[in-house]
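User: Please go through the charged residues of this model with me, together with its nonpolar packing.

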Amino acid sequence: MTPHPTTDVSHVAPREKAEILSQALPYIRKFHGKTIVIKYGGNAMTDPALQQDFAEDVVLLKLVGLNPIVVHGGGPQIEDALNKLGKKGHFIQGMRVTDEETMSVVEWVLAGEVQQDIVGLINAAGGKAVGLTGRDGGMIRAKKLRMLDKDDPAKEHDIGQVGDIVSIDPSVVKALQDDQFIPVVSPIGFGEKNESYNINADVVAAKLATVLQAEKLLMLTNIRGVLDKQGDLLTELTPRRIDELVADGTISGGMIPKIAGAIDAAKSGVNAVHIIDGRVPHAMLLEVLTDQAYGTMISSR
């Protein structure tokens, strides 16, 4: 593979390379044996060079003793598949309306095409990845998401088979980790009548990190992190500050469930939640194993 133009270190002197590697040692020691949940999406998931970087980073984290778990999305891929079938996606308040036919497409795209691409990338990079959905091992129990109208809370929208998490049983994930596998989780849950539910991948990643009491939750995005109205990066956020940013419209749309999940995870024992720029080559590795910050950290207070 041709080196990425911003990550080619062939010109770096051996001594400098050694210093770079030695700087990672304290972080490797600190996080050895700890679980890191990674929400994988955005450009990092669609750009071939960034896909390769991501797979290599996940394998390296595993090899130095951390326990990465990948939770992936797939909105653009689902939209492409629906378009090919002549079915136009419909959204209410930013959420995809998921009827029975759409749910079938969601399942075969997420648990088939997208998941297996990620598994293949990680395996090709030298790891041992295994794909899972929320059905495997009874992992993600869900119920129909109740969506209240944002302007009239007395009104409720029916968005079909979109799920709200009831509980997560991480037994199958823990078993895979113990055998040195890297779990790759599709955000699909199941209900009381064995019906399938499409669940927001940010929410699944945050809940899974909470249940596992992960050391870190990393959420890859297509922006530098959370930005203020001037476009400047906010490197640290608290729940109070986030409430202010939602109220004035600085945080809106798809960033809201991401932020909500991050706050819940931080309040529930996940030591650090980072929203990072997945467009930066090896951003995940830089975030975990160096003192460089590549996004916004959410704290619980």
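The questions and answers below take up a lysine, a salt bridge and the core in turn.

This is a predicted model in which local features need pLDDT of at least 70 and side-chain atom pairs count only at pLDDT 80 or more, while totals for chains, interfaces and linings use all residues. Residues are numbered from 1 along each chain as its sequence is written, and side-chain values use heavy atoms, with hydrogens and water left out.

User: With which side chain does the side chain of lysine 62 make a polar contact?

Analyst: Lysine 62 is buried (under 20% relative accessible area, 1.4 Å probe, protein chains only) yet has no salt bridge, a term that requires a side-chain nitrogen of Lys or Arg within 4 Å of a carboxyl oxygen of Asp or Glu. The nearest side chain of opposite charge, aspartate 178, is 7.8 Å away. A polar contact (N or O atoms within 3.5 Å, one able to donate a hydrogen and the other to accept it; residues adjacent in sequence count only through side-chain atoms on both sides) is made at 3.0 Å with the side chain of asparagine 67.

User: How far apart in sequence are the parts that aspartate 202 and lysine 39 tie together?

Analyst: Aspartate 202 forms a salt bridge with lysine 39, the closest N and O atoms being 3.1 Å apart. Aspartate 202 is buried at 5% relative accessible area, and lysine 39 also counts as buried, at 8%. Because aspartate 202 lies in helix 7 and lysine 39 in strand 1 (DSSP runs of H or I, at least four residues, and of E, at least two, numbered from the N terminus), the pair ties together parts that are 163 residues apart.

User: Which residues does isoleucine 259 touch, not counting residues up to four places away in sequence?

Analyst: Isoleucine 259 is among the residues touching the most other members of the largest nonpolar core, which has 40 residues; such a core consists of buried Ala, Val, Leu, Ile, Met, Phe, Trp, Tyr and Cys residues joined through side-chain atoms within 4.5 Å. Counting contacts as heavy atoms within 4.5 Å, isoleucine 259 touches Val226, Ile242, Ile251, Ile275 and Ile298.

How values were computed
Buried < 20%, exposed > 50% of the residue type's maximum accessible area, 1.4 Å probe, protein only. Lys, Arg positive; Asp, Glu negative; His and termini not counted.
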